[in-house]
Amino acid sequence: MQIGIIGLGRMGGNISRRLIQAGHACIVFDVDPAPREALAREGAIPAGSLAGLVDALTEKPRALWAMLPAGRVTEDTVEQLAGLLEPGDIIVDGGNSYYKDDIRRSRELSAKKILYVDCGTSGGVWGIERGYCMMIGGPKAAVDHLDPIFSALAPGHGGVSRTPGRTAGDPRAERGYIHAGPSGAGHFVKMVHNGIEYGLMQAYAEGFDILRNKDSKDLPEDERFRLNLPDIAEVWRRGSVISSWLLDLGAAALANDPQLNGFSGFVQDSGEGRWTIEAAIEEAVPAEVLSSALYARFRSRQEHTFAEKMLSAMRLGFGGHIEGKENSDVKQTLDDKQRRPDSSSNGD
């Protein structure tokens, strides 16, 4: 299947690579020519402009996937595409846009009979190998048409065992993607996913901070323990009820730097956590843990603890997020060991 990819950072570039590896034809565009040229060497067809990208798409309906930061750049890109496309063509926003913006864009594009799909995409820099978990919103006709693309990007069944008792439901969910509902539903589900991620990460971070400070001089001498955090993280990965991919990333960071000296403790937030709390307020749903996790990130920008260094380490692990100059050396080490070179990230 033929598809245009706009935005070739860590996520967009690797999405293109995974699709090329699956046999799909990718026409790619980025304002920076370097990633375009890199992907051309890997089998993509580069375009020098959005208009050139649209012209190069010969299969109808034309499908274009924007993998750009939420906000003005995505808004401008969708607006430009609306002036270049024809009725029946499809725009996919695979970034982390606010779901209410999706609802508005879909309504505006429907007047031109252009179909709009919002795709919450999780997988970070590891998606090219592990696949991407996708939460998709939009009209059924467009989502069904794009199924070969979603299927190629998804992780598939992999080594995950079937959920006991699950005998019905959308089979796509077991392969790592769902059609969540109408326009905005995909990004809404991804937004809450990221809000939960904040809470999980905060729990790990605080737990490891408690472990690290068990040798505090403020404690009675016989109650002080000097604990091996890399070993604890490693043993928890194996058979523990709190094992997870986030713990895997934390364990990898601790193995490389047990004191996390390469991390400043400054922790950014992508906006999705804030939107999740706003939704909770609108729905009158208590969200104490998620709210606390968001506020902890705000506080991290004023004072830094080992917990915040742990949070920063996990964010670097799954999304390549660099927070402060101190982390640049750690990022380079991970780049050399684990990642392909790329330009930007789109995730939490």
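This note walks through the charged and aromatic side-chain contacts of a predicted model.

1. Let's start with the charges. Side chains of opposite charge can pair when their charged atoms come close. In this structure the count comes to 23 salt bridges. A few of them are worth visiting one at a time.

2. A good place to begin is helix H4, which covers residues 72-82. Here arginine 72 makes a salt bridge with aspartate 76, and the closest N and O atoms are 2.9 Å apart. The two residues are four apart in the helix, about one turn. Arginine 72 is exposed, at 54% relative accessibility, because the cut-off for that word is over 50%. Its partner, aspartate 76, has a relative accessible area of 31% and is partly exposed.

3. Next, please look at helix H5, residues 99-110, where aspartate 101 and arginine 104 are three residues apart, about one helical turn. These two form a salt bridge whose closest N and O atoms are 3.3 Å apart. Aspartate 101 counts as partly exposed, with 25% relative accessibility. Arginine 104 is partly exposed as well, with a relative accessible area of 25%.

4. Arginine 104 has a further partner to show you: a salt bridge links arginine 104 to glutamate 108, with 3.6 Å between the closest N and O atoms. Again the setting is helix H5, with arginine 104 and glutamate 108 four residues apart, or about one helical turn. Glutamate 108 is partly exposed, at a relative accessible area of 46%.

5. Which residues are linked with Arg104 in a network of salt bridges? They are Glu75, Asp93, Asp101, Asp102, Arg105 and Glu108. So, when you view aspartate 101 and glutamate 108 in the model, it helps to display the other members of this network too.

6. Now for the rings. A pair of aromatic rings is described by the distance of the centres and the angle of the planes. The structure holds seven aromatic pairs. One of them joins phenylalanine 150 and tyrosine 177, with 6.3 Å from centre to centre and 35 degrees between the planes, a tilted arrangement. Phenylalanine 150 belongs to helix H8 (residues 147-153) and tyrosine 177 to strand E8 (residues 177-181), so this pair ties together parts that are 27 residues apart in sequence. Both phenylalanine 150 and tyrosine 177 are buried.

7. Another pair brings together phenylalanine 208 and tryptophan 236, this time edge-to-face, with centres 5.5 Å apart and 65 degrees between the planes. Phenylalanine 208 sits in helix H9 (residues 185-212) and tryptophan 236 in helix H10 (residues 229-236), so the contact ties together parts 28 residues apart in sequence. Is each partner buried or partly exposed? Phenylalanine 208 is buried, with a relative accessible area of 0%, whereas tryptophan 236 counts as partly exposed at 27%.

8. There is also a grouping of rings to find: Tyr98, Tyr99, Phe188 and Trp275 form one aromatic cluster.

9. Finally, charges and rings meet in this model. Where does the charged end of lysine 214 sit? It is placed over the ring of phenylalanine 225, 5.2 Å from the ring's centre. Arginine 297, in turn, lies over the face of tyrosine 198, at 3.7 Å from the ring centre.

Note on methods: Residues numbered from 1 in each chain as written. Predicted model: local features only at pLDDT ≥ 70, side-chain atom pairs only at ≥ 80, totals over all residues. Heavy atoms only, no water. Salt bridge = Lys/Arg side-chain N within 4 Å of Asp/Glu carboxyl O. Buried < 20%, exposed > 50% of the residue type's maximum accessible area, 1.4 Å probe, protein only. Phe/Tyr/Trp six-rings, centres within 6.5 Å; stacked < 30°, edge-to-face > 60°. Lys NZ or Arg CZ within 6 Å of the ring centre and 35° of its normal.
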